[in-house]
Amino acid sequence: MAHIIVVGNEKGGAGKSTVSMHVATALARLGHKVSALDLDLRQRTFGRYTENRAAFLAKAELALASPNTHELPQIAPETLQAGENIYDHRLSAAVADLEPHNDFILIDCPGSHTRLSQVAHSLADTLITPLNDSFVDFDLLARTDSTGDKILGPSVYSEMVWNARQLRAQAGLSPIDWIVVRNRMGAQRMVNKEKMERAIANLSKRIGFRIAPGFSERVIFRELFPRGLTLLDLKDIGVKQLNISNVAARQELRDLMKALNLPGVSVDF
């Protein structure tokens, strides 16, 4: 049975597709069988990332470990019962087809609330939520007072995750391991960074998620996308000497993979 990883956050620009591509490719490079689904059927950033990778590797005549990406199957509307949602069936059919043949299935969700995203969260064994180091983004998880120190209550995304947890419990499935990944943090120790750290730590205890380090803001991620590459591929394409920023980014990926604590994964890169 494949372990299902869902990367979700209902706010765009948090780095979901970058995290998805690096986690999926890292697992593939570690020898695991990985398939991936992009549920953003309009923008398809993660899908474009994987297409760029396939095109670059073919042109460069390179064979690098990669996740296998798949489209959602089409479902004939006339096969649905009254009240059934076609997107539920498309996603469940895709997962059912992939589960017997993979160690991991990674699902990248859109940066908005959709039926597909809602269903995907209920399927998650591991849920990764990248979060920019900003109270604008934190507001998606919880409402705070004007100081940012007092949490007033959960927000829409946290409530959606709660509902997904309830559905899994009713189905007798294991609880979701929810990890909030602090992304795009600045290097300097600033007041906002410290307040965010306190707020996330406080919220994690209240609604039950783990906290993991993510990626700092680096130019390298924008440069990798057109070729579909990740930090782990640089030496394979002929980069003999990584600069300090690239070395630091690889360490961030290593720290993230260790923090995820995925079953059967030994992080040795």
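This briefing covers the overall build of the protein chain and the pairing of its strands. The model is predicted. The protein chain has 9 helices and 9 strands. Two strands get a closer look here: E8, with 6 of its 7 residues buried, and E2, with 5 of 5 buried.

**Overall dimensions**

- The radius of gyration of the protein chain is 19 Å, which agrees with the value near 18 Å that a compact globule of 269 residues would have.
- The C-alpha trace spans about 55 × 50 × 35 Å along its principal axes.

**Burial, contacts and surface**

- Of the 269 residues in the protein chain, 49% are buried.
- Among contacts with a separation of 6 or more, 74% link residues 24 or more positions apart.
- The exposed area of the protein chain is about 13,000 Å². Carbon and sulfur atoms supply 51% of that area.
- The protein chain carries 32 positive and 30 negative charges. Their mean positions lie 6 Å apart.

**Strand E8 and its partners**

- Strand E8 covers residues 177-183. Because 6 of its 7 residues are buried, the rest of the structure largely encloses E8.
- E8 runs parallel to strand E5 (residues 126-132), and 7 bridges join the two. In this pairing, Asn132 stands opposite Asn183 in E8.
- E8 also pairs with strand E9 (residues 210-213), again in the parallel sense, over 4 bridges. Here Val181 stands opposite Ala212 in E9.
- E8 thus has pairings with both E5 and E9.

**Strand E2 and its partners**

- Strand E2 covers residues 34-38 and is mostly covered, with 5 of its 5 residues buried.
- In a regular strand, side chains alternate between the two faces of the sheet.
- Both faces of E2 are covered. One side holds Val34, Ala36 and Asp38, and the other holds Ser35 and Leu37; all are buried.
- E2 and strand E4 (residues 104-108) run parallel and are joined by 5 bridges. Ala36 stands opposite Leu106 in E4.
- E2 and strand E3 (residues 68-70) also run parallel, joined by 3 bridges. Leu37 stands opposite His70 in E3.
- Ala36 and Leu37 lie on opposite sides of E2, and both are buried.

Terms used
Residues numbered from 1 in each chain as written. Predicted model: local features only at pLDDT ≥ 70, side-chain atom pairs only at ≥ 80, totals over all residues. Heavy atoms only, no water. Rg over C-alpha atoms; globule rule 2.2 N^0.38 Å. Buried < 20%, exposed > 50% of the residue type's maximum accessible area, 1.4 Å probe, protein only. Contact = heavy atoms within 4.5 Å. Areas by Shrake-Rupley, 256 points an atom, 1.4 Å probe, with all protein chains shown as cover. Lys, Arg positive; Asp, Glu negative; His and termini not counted. Charge placed at Lys NZ, Arg CZ, Asp CG, Glu CD. Pairing = 2+ DSSP bridges.
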